[in-house]
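I opened this entry to record what I looked up, one item at a time. The strand pairing comes before the overall figures.

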Amino acid sequence: MRVFIVGAGAVSGGAAIAAAKSAGAEIITTTSRNENIAGADHTIHGIDLENAAAVDKMLADDVLTAKPVDYVIYIPARGSVGMDVTESTADMIMPSLEYSVIPYLKLAKALKPRRTIALSGFMALPTLTRIYGAMTFTKIAMEELAIRNPEKLQVIRIGMFLSNSVRGIAILAQRRFNKEPGFQPQWRAEWKASGKKFPQFFYDMNYQNEEHMYRAHSNGVPFRPTLPEDITKGFNLALAGEKAPVINVLGPWLWTENRMPELPAEITSRTHLIPESIYQML
């Protein structure tokens with residue numbers, strides 16, 4: 001088995017490497033830097049996904065193209081966050097899709113792996129609709145693409161885990177609270193009443209939402225926050241050939257789905273902001 005992991009330096013990238021190694025796969029990775037990625041058999045250096053030629057640079061690598069690739073795992077994601085989902089605009093969404101989605105669709109077309117796997121989150125959570133902004137629609141596009149193309153694409157939907165990106169989102173939100181007293185006034189009041197620093201308040205509230213909204217999938221196992229080893233189990237399932245287009249990883253809870261989840265009106269009323277052309281790329 002050959003697995004190509006784009007952006008393997010992140011926490012979830014490390015979890016993907018662990019799963020690929022346990023499957024006995026040859027692992028090819030990318031990085032924007034010059035250092036090799038630990039655990040990979042081959043690293044393609046200098047991949048800047050803000051550069052429109054990034055995918056072409058990957059595909060020009062002789063090691064990557066020497067033999068067929070069985071799985072592509074795409075980790076990178078970027079977009080406008082630290083705002084309520086209702087503040088999203090179409091102008092915010094397209095640059096995020098260009099960075100977070102279009103490259104893996106191009107790789108899927110060029111490399112023709114068994115599956116191309118991307119990462120999403122539990123976007124229906126009230127905490128995320130308040131803070132995840134336009135990135136919400138990037139994740140919705142990923143999921144919709146997988147549902148429409150289950151033979152080619154797959155999404156692993158992951159519960160919140162501690163990472164630089166999550167910390168960054170919490171910091172952005174806290175800055176807005178400090179600068180704009182009118183931003184999320186009810187949430188601001190709850191935060192102040194808690195006596196906690198905002199990041200911890202945000203983490204705790206999100207974990208409470210996760211446990212409450214998805215306990216039907218617990219199978220009697222107590223809830224706890226998602227850890228890197230849980231993410232590895234999700235990748236293990238994907239690399240073992242799981243057919244469902246969506247794999248859910250929420251702490252120790254693991255289940256699959258083959259349709260889009262119920263989403264709040266704040267999201268469904270704005271899904272038209274996702275250009276239909278994104279769904280025609282495959």
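**Strand E7 and its neighbours**

I started with strand E7, residues 246-250, and found it mostly covered, with five of its five residues buried. I note that the model is a predicted one.

Which residues of E7 lie on each side? I listed Val246, Asn248 and Leu250 on one side, and Ile247 and Val249 on the other. Both faces are covered, since each of these residues is buried. For reference, side chains in a regular strand alternate between the two faces of the sheet.

Next I looked up the pairing. Strand E6, residues 153-158, runs parallel to E7, and the two pair over four bridges. I checked one position there: Ile156 has Ile247 in E7 as its bridge partner.

With strand E8, residues 253-257, E7 pairs in the antiparallel sense over five bridges. Here I noted that Val246 has Glu257 in E8 as its bridge partner. E7 and E8 make a hairpin with two residues between them. In that turn, Gly251 has a positive phi of about 60°.

**Positive phi outside glycine**

I then looked up residues other than glycine with a positive phi. Gln184 is one of them, with phi near 45°. I placed Gln184 in the loop between helix H8 (164-179) and helix H9 (185-194).

Asn219 is another, with phi near 50°. I found Asn219 in the loop between helix H10 (198-214) and helix H11 (228-239).

Is each one buried or exposed? Gln184 has a relative accessible area of 15%, which is under the 20% cut-off, so I entered Gln184 as buried. Asn219 has a relative accessible area of 72%, which is over the 50% cut-off, so I entered Asn219 as exposed.

**Overall figures**

I closed with values for the protein as a whole. I counted 12 helices and eight strands. The radius of gyration is 19 Å, close to the 19 Å from the globule rule for 282 residues, so I recorded the protein as being as compact as a globular protein of that length. Along the principal axes, the C-alpha atoms fill a box of roughly 60 × 45 × 35 Å.

Buried residues make up 52% of the 282 residues. Among contacts with a separation of 6 or more, 70% join residues 24 or more positions apart.

The exposed area is about 12600 Å², and carbon and sulfur atoms supply 51% of it. I also looked up the charges: the mean positions of the 30 positive and 28 negative charges are 2 Å apart.

Terms used: Residues are numbered from 1 along each chain as its sequence is written. This is a predicted model: local features need pLDDT of at least 70, side-chain atom pairs count only at pLDDT 80 or more; totals for chains, interfaces and linings use all residues. Side-chain values use heavy atoms; hydrogens and water are left out. The radius of gyration is taken over C-alpha atoms; the globule rule is 2.2 Å times the number of residues to the power 0.38. Buried means under 20% relative accessible area, exposed over 50%, partly exposed in between (1.4 Å probe, protein chains only). Contact means heavy atoms within 4.5 Å. Accessible areas come from the Shrake-Rupley method with a 1.4 Å probe; for residues, only the protein chains shown count as cover. Lys and Arg count as positive and Asp and Glu as negative; His and the chain ends are not counted. The place of a charge is taken as NZ of Lys, CZ of Arg, CG of Asp or CD of Glu. Two strands pair if DSSP finds at least two bridges between them.
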